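Subject: Structure handover

Hi,

Here is the structure I promised to pass on to you. Please have it open while you read the notes underneath.

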Amino acid sequence: MPASTAEAVAPPDWAALVREVPDFPSPGIVFRDICPLLADADGFAAMLDDLAAPWRGVAIDLVAGTEARGFILGAALAPLLGAGFLPLRKPGKLPGPVVEESYALEYGSDRLQIQAGAVAPGARVLLVDDVLATGGTLAAAARLLDRQQATVVGGMVLMELEALGGRARWPFEAPLLALLRH
């Protein structure tokens, strides 16, 4: 079982590569831009090692990443954990029958979809996203996986915006870990 990241620790060196953009995508929102981190090969590699560390040795079949930045992190993390990757997409991006969940964001609403049958019942899945804000995206992703009878082994986010209280919406006993807390 992964160790808790709740205790206060010094931020890793790569954290300085995350840029804050005020008033994006709307006034009052401070967007955490990970593009400078992704563009730095050493920083990106170090961040991926930190994402993988708590999950090494945990049996994981799939890493599920939410569109769009969760794709980047999840797809890069999956082979480090010996797992496949499952994209959780916005509407209209997947062929065939889909399963869908709606959710609220801190600045609107959206929907996530997966292909029906994309997850085998009992598959062990790690949910990954870049930011935990109000928790709507992870809660919708969890409901999608639950409807497919997957076993969610945990959740992993690059950063958590604690003031928004999203952790309270995490529906599992499984751990939800964050590398950075703001």
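Below is what turned up, going from helix packing to charged and aromatic pairs.

A word on the ground rules: this is a predicted model, in which local features need pLDDT of at least 70 and side-chain atom pairs count only at pLDDT 80 or more, while totals for chains, interfaces and linings use all residues. Residues are numbered from 1 along each chain as its sequence is written, and side-chain values use heavy atoms, with hydrogens and water left out.

Let me start with helix H2. Helices (H or I, at least four residues) and strands (E, at least two) are DSSP runs, numbered from the N terminus. H2 covers residues 41–52, 12 residues in total, and spans 17 Å from its first C-alpha to its last, close to the 16 Å expected at 1.5 Å a residue (the expected span is 1.5 Å times one less than the number of residues). Gly43, Phe44, Met47, Leu48, Leu51 and Ala52 are buried in this helix; buried means under 20% relative accessible area, exposed over 50%, and partly exposed in between, with a 1.4 Å probe and protein chains only. Why do they share the same side of H2? Because they cover an arc of only 165° around the axis, the arc being that of the directions from the helix axis to the C-beta atoms. As general background, an α-helix has 3.6 residues a turn, so residues three or four places apart point the same way.

The buried residues of H2 pack against helix H1 (35–39), helix H3 (69–77), strand E8 (151–160) and strand E9 (176–181), where contact means heavy atoms within 4.5 Å. Methionine 47 is a good place to look: leaving out residues up to four places away in sequence, its contacts are Trp14, Leu37, Leu73, Leu158 and Leu179.

Methionine 47 also appears in the largest nonpolar core, which has 31 residues; Met47, Ile60, Leu126 and Leu158 have the most contacts inside it. A nonpolar core here is a set of buried Ala, Val, Leu, Ile, Met, Phe, Trp, Tyr and Cys residues joined through side-chain atoms within 4.5 Å. Two or more residues of this core come from each of H2, H3, strand E7 (124–132), E8 and E9, and H2 gives the most, with 5 residues. There is a second, separate core of 25 residues, with Ala64, Leu127, Leu132 and Ala140 among its members.

Now to the charges. How many salt bridges does the structure hold? There are 12, a salt bridge being a side-chain nitrogen of Lys or Arg within 4 Å of a carboxyl oxygen of Asp or Glu. Three that you may like to inspect:

- Arginine 19 and aspartate 33 meet at 2.8 Å, N to O. The pair links strand E1 (residues 19–22) with strand E2 (residues 30–33), 14 residues apart. Arginine 19 is partly exposed at 45%, whereas aspartate 33 is buried at 8%.
- Glutamate 100 pairs with arginine 111, the closest N and O atoms being 3.3 Å apart. This one joins strand E5 (residues 98–105) to strand E6 (residues 108–115), 11 residues apart. Glutamate 100 is partly exposed at 28%, and arginine 111 is partly exposed at 34%.
- Glutamate 101 pairs with arginine 147, with 2.7 Å between the closest N and O atoms. Glutamate 101 lies in strand E5 and arginine 147 in helix H4 (residues 136–147), so the pair ties together parts that are 46 residues apart in sequence. Glutamate 101 is buried at 13%, whereas arginine 147 is partly exposed at 46%.

In addition, Glu160, Glu162, Arg167 and Arg181 are linked in a network of salt bridges.

Helix H4 also holds leucine 144, which is buried at 0% relative accessibility. Beyond its neighbours within four places in sequence, leucine 144 touches Val99, Glu100, Glu101, Leu112, Gln113 and Ile114.

Finally, the rings. The whole structure has 3 aromatic pairs: rings of Phe, Tyr and Trp (its six-membered ring) pair if their centres lie within 6.5 Å, and planes under 30 degrees apart count as stacked, over 60 as edge-to-face and the rest as tilted. Phenylalanine 24 and phenylalanine 31 have their ring centres 5.1 Å apart and their planes at 85°, so the pair is edge-to-face. Tryptophan 170 and phenylalanine 172 are also edge-to-face, at 5.3 Å centre to centre and 70° between the planes. Tryptophan 170 is buried at 12%, while phenylalanine 172 is partly exposed at 24%.

Best wishes
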